[in-house]
Amino acid sequence: VDFRTIPDTYRTAKSYFSILPQFGVEIKKYSFSYTTDCVLPSLEQVRFQMDDRNPLMLRIGNPDLKQSFLHKFQFTYDTFTRKRHTWIVRLNTEYVSNNIVSKSRYFDSQEVINIGYDYTVNPGSTLYTYENANGAINATCYAKWSARLKRIKSSLSIDFGTNYKRAPMYVGEQLVMLSEVNPL
């Protein structure tokens, strides 16, 4: 590890402030809720000091990282009646703003980078750091229909749904979205 003095601009204390609203509404068969949460960057993610114990895998934090906010929406519709048919519909959605994403940069030749002081990177090295990115989504939709069959004294039910995920990630210097859809 390089223990040279880090400039004063990178040694300042960081403070994070959050107002996290939460509310819910329930009317007869319907319910809706909205909750928030925050994730603070770890000490390693904001520490602006080069970790070069392995000269081919360099790590450095980003002191400009912002906290991540999770916004969670939930909608539910339930009908549990004595009638022959029953419906359950649930929709859960999570959106993350300022998501903390790892970023890497490969050096194919020797290069001097400025990290508060000049640091020489050897060829074949990869520099890992962190950035904020928006766009992380996780959505799940679930529905169930069931009916009683009086003639044969049994019931029939059908469950269906889907799960959709989208996460930001860096490929080199370019921010891309990785998406996944899973039918249930």
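Guide: Quick definition before we start: two strands pair if DSSP finds at least two bridges between them. Also keep in mind that this is a predicted model.

Visitor: Got it. How many residues sit between S10 and S11 in their hairpin?

Guide: The hairpin formed by S10 and S11 has 4 residues between the strands. Lysine 153 is in that turn, and its phi is positive, about 50°.

Visitor: And how many bridges join S10 to S11?

Guide: There are 13 bridges, and the two strands run antiparallel. S11 covers residues 154-171. If you want a spot to look at, find serine 146, which stands opposite serine 157 in S11.

Visitor: Which strand pairs with S10 over 12 bridges?

Guide: That's S5, residues 85-97, which pairs with S10, residues 136-149, in the antiparallel sense. Tyrosine 95 has isoleucine 137 of S10 as its bridge partner.

Visitor: Okay, surface now. Which residues form the nonpolar patch?

Guide: Phe23, Val25, Ile27, Tyr30, Phe32, Phe73, Phe75 and Leu91. Together they have about 710 Å² of accessible area. The elements giving two or more residues to this nonpolar patch are S1 (23-27), S2 (30-39) and S4 (68-79).

Visitor: Which strand gives the largest share?

Guide: S1 does, with 3 residues of the nonpolar patch. Valine 25 lies in that strand.

Visitor: Why does valine 25 count as partly exposed?

Guide: Because its relative accessibility is 42%, and partly exposed runs between the 20% limit for buried and the 50% limit for exposed.

Visitor: What about charge? Which residues form the positive surface patch?

Guide: Arg84, Arg148, Lys150 and Arg151. Arginine 148 takes us back to the hairpin, as this residue is found in S10. With a relative accessible area of 40%, arginine 148 is partly exposed.

Visitor: Switching to salt bridges: what does the count come to?

Guide: The count is 5 salt bridges. Side chains of opposite charge can pair when their charged atoms come close.

Visitor: Let's go through some. What does arginine 53 meet in a salt bridge?

Guide: The side chain of aspartate 51, at 2.8 Å from N to O. Arginine 53 counts as exposed, at 67% relative accessibility.

Visitor: What's the partner of lysine 72?

Guide: Glutamate 94, with 3.9 Å from N to O. Lysine 72 is in S4 and glutamate 94 is in S5, so this salt bridge ties together parts that are 22 residues apart in sequence.

Visitor: How much relative accessibility does lysine 72 have, and how much does glutamate 94 have?

Guide: Lysine 72 is at 31%, so it counts as partly exposed. Glutamate 94 is at 26%, which also makes it partly exposed.

Visitor: Which residue forms a salt bridge with glutamate 173?

Guide: Lysine 103, and the closest N and O atoms are 3.5 Å apart. This pair links distant parts of the chain, 70 residues apart. Glutamate 173 is in the loop between S11 and S12 (174-183), whereas lysine 103 is in S6, residues 99-106.

Visitor: Is lysine 103 buried or exposed?

Guide: Lysine 103 counts as buried because its relative accessibility is 15%, and the limit for buried is under 20%.

Visitor: And glutamate 173, buried or exposed?

Guide: Glutamate 173 is exposed, with a relative accessible area of 53%. So this salt bridge pairs an exposed glutamate 173 with a buried lysine 103.

Note on methods. Residues are numbered from 1 along each chain as its sequence is written. This is a predicted model: local features need pLDDT of at least 70, side-chain atom pairs count only at pLDDT 80 or more; totals for chains, interfaces and linings use all residues. Side-chain values use heavy atoms; hydrogens and water are left out. Patches are made of residues with over 30% relative accessible area and no salt bridge: like charges are joined within 9 Å, nonpolar side chains (Val, Leu, Ile, Met, Phe, Trp, Tyr) within 5 Å. Accessible areas come from the Shrake-Rupley method with a 1.4 Å probe; for residues, only the protein chains shown count as cover. A salt bridge is a side-chain nitrogen of Lys or Arg within 4 Å of a carboxyl oxygen of Asp or Glu. Buried means under 20% relative accessible area, exposed over 50%, partly exposed in between (1.4 Å probe, protein chains only). Lys and Arg count as positive and Asp and Glu as negative; His and the chain ends are not counted. The place of a charge is taken as NZ of Lys, CZ of Arg, CG of Asp or CD of Glu.
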